[in-house]
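Please look through the structure shown below. The report that follows takes up charged pairs, a helix, a loop residue and a surface patch in turn.

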Amino acid sequence: MSDLPDAGAPPADPAAGGAGDPPVAAARRDPAAATAAAVTALRPRDLVSFTVRTTGLRERVSATGVAEWVAADADGQLIVDLPPQHLAESVLAPGSTTSQGRLAGPSSLYFRVPRNQVVAQSVEGVLAAMNTLPLIVEPRERGRASALELPWRLLLALDVRARCRHRSAPPPAGDAVSPMWHTRIVAPTASGYADVYPFASLPVESSFGTPLGTSVTTIADQGCRNPTQPVATEKLILTACGAWFSGSVDYPALQWTHRAAMGRDYYVRLHKRGALFPFGHRAAVVEVTERRFDTATKVAGLQRTIALIVTEPVCRYGIDASHEREFPFQRVEIEPVQIVPLDQPDDEHTFWPRQGGTAVQFTIRAWAAGEAVTMRLPLLFGDGTLTAQQLGDTYARGPRTGIAAAAPPAAVVNRFIPLAVRRTAQQTVEAVEGASQQVAALVFGANPVASGVGFHPRLAQIDVTLPAVKQLLGQDMPAIPATLAPEVRASTATTPPDFLLQFASRSLNLGFAQTGAIASPNMAVNRIHRVLGATVANLPTNPAQLFDRGAKLLGIVPLAEIVSTVDRPPTIVWSQTPTPQATLEWTMKPTRSSGPFQPVTAPPAKACEVRITARTGTGDGSPKTTVFGAVTNFVIGIPTPADPLVRLDFSELTFRAETGKLPTTAFTITSAALGRKLRFVQRLGKHLAAVGRSAPTVEISARDVRVRYAVAIPTPLGMGLFTLQNLRLQAGVTLSFVGEPVTLDFAFGTRGSPFLVTVMGFGGGGYLELGVRAGGTDSGLERFVGGIEFGASVAMSFGVASGEVHVFGGIVFVKQRGEVEITGYLRIGGSVRVLGLISVSVELTISLTYVVPNKLRGAAKLVIAVDLTFWSTSVEITCEKTFVGSEQTLAAEAVCAPATGFSVEKALGPVGSSFPWRDYCQAFAGG
């Protein structure tokens, strides 16, 4: 049966193309516009169903009365549109039994009808023509040549040799079962089915997870890039209920195997080639989708298994090109080489391999100059769709989700790694001397290259721990994020790089405890040098650009203020032979004065040297540190050298310390002098130079080290009216470990051991203690304590009576920080005893104390005692008076009228409502 038009049907529109059209015009004609109205064909007995269109054919009725098409003047086209040949199904989600489906569009077979060829307008006539007419397969464009939408959304072109082979007549009426009509697309000149060629894809719903998914775009793209490489077809049968299709192809980017029965997939395999970023190991993602029958749910659904296969587990790299020198490893090996099952990727082209929602951690073994480094890292798979820059941007965001959590993967290393290598004369690779650095972690990236996988790995960030600085500081310090210095990329085999790493400028505070307060070279560093260690690139001549304000000499003088030009920065070097040790060496020549410090220009000598060596000890393994510091040829003037209270000229000040031993400090003073403000003790100052040459005593605490010297001064020593004896000079230096200023102490006798003093005919004792502080807000005379007492005592006896009379006087002065107190006193007393029965004693003490600021306090005390054998008594009379030179009123003191300075008027009134001084003056004037 057929619903094709019979011989009486109206002819096709001449505008659609007729016999009179010239060949060229026919070739340029739009097939859609030139196609006659479509007619359908249906034969229910064997399920024949298709739609027929014609181009360049005209209708006629044969002499026997049969309607037919004929190409009268030029070749025409017979177009057969078949029903959808594929039903796409979504892959079952884990635990699900339902899926969605989408029907493909029609597939069209274009046949060339030669001139004068006749095609009967019947089902049998069209089927017979399809068996004999050649297929039109070019150009590979839908609407102009044969095209199959098989599978869903993928368009396939046919081979030029393709032919249709099928039954034209219906099956015999007597057959109990009629086979479904089908046509095989075969290649008569070759055995088997005709090959097909993917040439285009249609838009795909990304949320609809079919076995191919968005890979239909990749397959079509690869088909266009490789137009002569067909899909080797094992079966290609078209029916009204869908196609039987089995074929496979191996393109450069992927392998594709597809098997479908009656338009439904039962096996699909995608082998996507790509590489693992950033090391470039070639790998493949294999997706296998199969229809499996679940006996529990009685559902035969599509189920997918994804595996990652590393096809190149070992990569080797050169060292000669500039981009290769940014990656110090010559061989990188990864494992595992197969990961299955793999989670469904979020993106089919570039993704982080995951299992159970967690990114897979690969074991990386990298060799640099023969040394193996083991790391754990997630790697990014890319099929080549993205550029190296785009891959790097994706990799830098890391496998974690969320903007706040985005960070590039970091491989924990915690070992020495050679960051620069070179090739020897024997063509082996070795580390450049001094290029091995202690690395905590590595972050990788890649540079684009024209060959291979399109990128070459590089070190994007190196977290370096600076073990030399750590051991010198004696404490943990965070790793410094750094990058390779440009000199590494620009180096060659004959010119190794001097600088290895660069990082954001930061200050290294070496502290006072290690350097013994001689000099703490805190400096801002931003490079790692092969020889010098942590340093600064392009050494600035301005010291302020190298040393921060915390870098000080003697804890008081900023190095940036006393050094005019920097010619060599401190060096911090780590060595592992013969035992691991860190060494800091630094010398400088101060040329400018600052605060209490003033350099001496002659004789020329290095003015400051610091050397610290910390090496791994024995036994408990704790580091053993040796520290030596020396400052030569300088002057300390307190508070300033221009107007000093104390001026000391040092030829050398040294500090030496070693773990487990007491530190030693020594200094040599070539000259010492007290300033004009201490003129009255300048005679004593000439003996200060004697200290520093005797054996010292050392006191150690957690905060400082105190060095004390003592020397006896030859006496008697004349000082004006005074003659001194038994004089012992003591001096000391306190060096702080916590950044406090240097303190100098001098003592000419002490309270416990005073010197002897003679004033004319009177004798007594005294002491003088000075404490000066160099630097800080209270630089200068910090403590000044002294006292002198002299007098006489006379005893007399008259037989029946005896007695004694004594007179003593003295001065005591105390300055402690900002407070000054000076006290003068007089003691007068005597006693008499008669016949041993009666005794009388009298003691009068008078003192006058001046206290800064602007206060005078006087006190007097009289004590009289009488003893008459069986009766005794005593009387004590005291009097105190304070004179304040300000406008304040003290309730507990008798205060004079407000006035500036001191005067008799201020001392005598007013008192309450009376004016004694005025009354006295008036009485005096009247007298």
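## Arg-422 and its partner

In this predicted model, Arg-422 is partly exposed, because its relative accessible area is 29%. The side chain of Arg-422 meets that of Glu-430 in a salt bridge, with 3.1 Å from N to O. Glu-430 is likewise counted as partly exposed, since its relative accessible area comes to 32%.

## Other salt bridges

The pair just described belongs to a wider set, for a search of the whole structure finds 26 salt bridges. Side chains of opposite charge can pair when their charged atoms come close. Another such pair is formed by Glu-68 and Arg-60, whose closest N and O atoms are 2.6 Å apart. The two partners fall into separate classes of accessibility: Glu-68 is buried, with a relative accessible area of 9%, whereas Arg-60 is partly exposed, with 34%.

Salt bridges can also be joined into a network, and in this structure Lys-272, Glu-287, Arg-304 and Glu-348 are linked in this way. Arg-304 appears again further on, as one of the residues that Thr-210 touches.

## A link between strand S1 and helix H3

Arg-43 and Glu-124 bring their side chains together in a salt bridge, at 3.7 Å from N to O. Because Arg-43 belongs to strand S1 (residues 39–43) and Glu-124 to helix H3 (residues 123–132), the pair ties together parts that are 81 residues apart in sequence. Arg-43 counts as buried, its relative accessibility being 2%, while Glu-124 is partly exposed, with a relative accessible area of 29%.

What, then, is the setting of H3, and how many of its residues are buried? Of the 10 residues of H3, 7 are buried, so the helix is largely enclosed by the rest of the structure. The buried residues of H3 include Val-123 and Gly-125, which stand on either side of Glu-124 in the numbering, and also Val-126, Leu-127, Ala-129, Met-130 and Asn-131.

## Thr-210 in its loop

Thr-210 is found in the loop between strand S14 (196–201) and helix H4 (215–225). Is this loop residue buried or exposed? Thr-210 counts as buried, because its relative accessibility is 6%, and the cut-off for that class is under 20%.

Within the loop, the side chain of Thr-210 reaches the backbone nitrogen of Gly-213 at a distance of 2.9 Å. Leaving aside residues up to four places away in sequence, Thr-210 touches Ala-88, Glu-89, Ser-90 and Val-91, together with Trp-152 and Arg-304. The last of these, Arg-304, is also part of the salt-bridge network with Lys-272, Glu-287 and Glu-348.

## Cysteines

How many disulfides does a search of the whole structure find? The search finds 0 disulfides. Among the cysteines, Cys-224 is partly exposed, with a relative accessible area of 46%, and Cys-241 is also partly exposed, with 38%.

## A nonpolar patch on the surface

Further along the chain, a nonpolar patch on the surface is formed by Val-832, Val-834, Leu-837, Ile-838, Val-840, Val-842, Ile-864, Leu-868, Trp-871, Val-875 and Ile-877, which together have about 850 Å² of accessible area. At least two residues of the patch come from each of four strands, namely S59 (819–834), S60 (838–851), S61 (855–868) and S62 (871–884).

Val-840 may serve as an example from this group, and its place is in strand S60. With a relative accessibility of 30%, Val-840 counts as partly exposed.

Definitions and conventions. Residues are numbered from 1 along each chain as its sequence is written. This is a predicted model: local features need pLDDT of at least 70, side-chain atom pairs count only at pLDDT 80 or more; totals for chains, interfaces and linings use all residues. Side-chain values use heavy atoms; hydrogens and water are left out. Patches are made of residues with over 30% relative accessible area and no salt bridge: like charges are joined within 9 Å, nonpolar side chains (Val, Leu, Ile, Met, Phe, Trp, Tyr) within 5 Å. Accessible areas come from the Shrake-Rupley method with a 1.4 Å probe; for residues, only the protein chains shown count as cover. A salt bridge is a side-chain nitrogen of Lys or Arg within 4 Å of a carboxyl oxygen of Asp or Glu. Buried means under 20% relative accessible area, exposed over 50%, partly exposed in between (1.4 Å probe, protein chains only). A polar contact is a pair of N or O atoms within 3.5 Å; within protein, one must be able to donate a hydrogen and the other to accept it, and residues adjacent in sequence count only if both atoms are side-chain atoms. Contact means heavy atoms within 4.5 Å. A disulfide is a pair of cysteine sulfur atoms within 2.5 Å.
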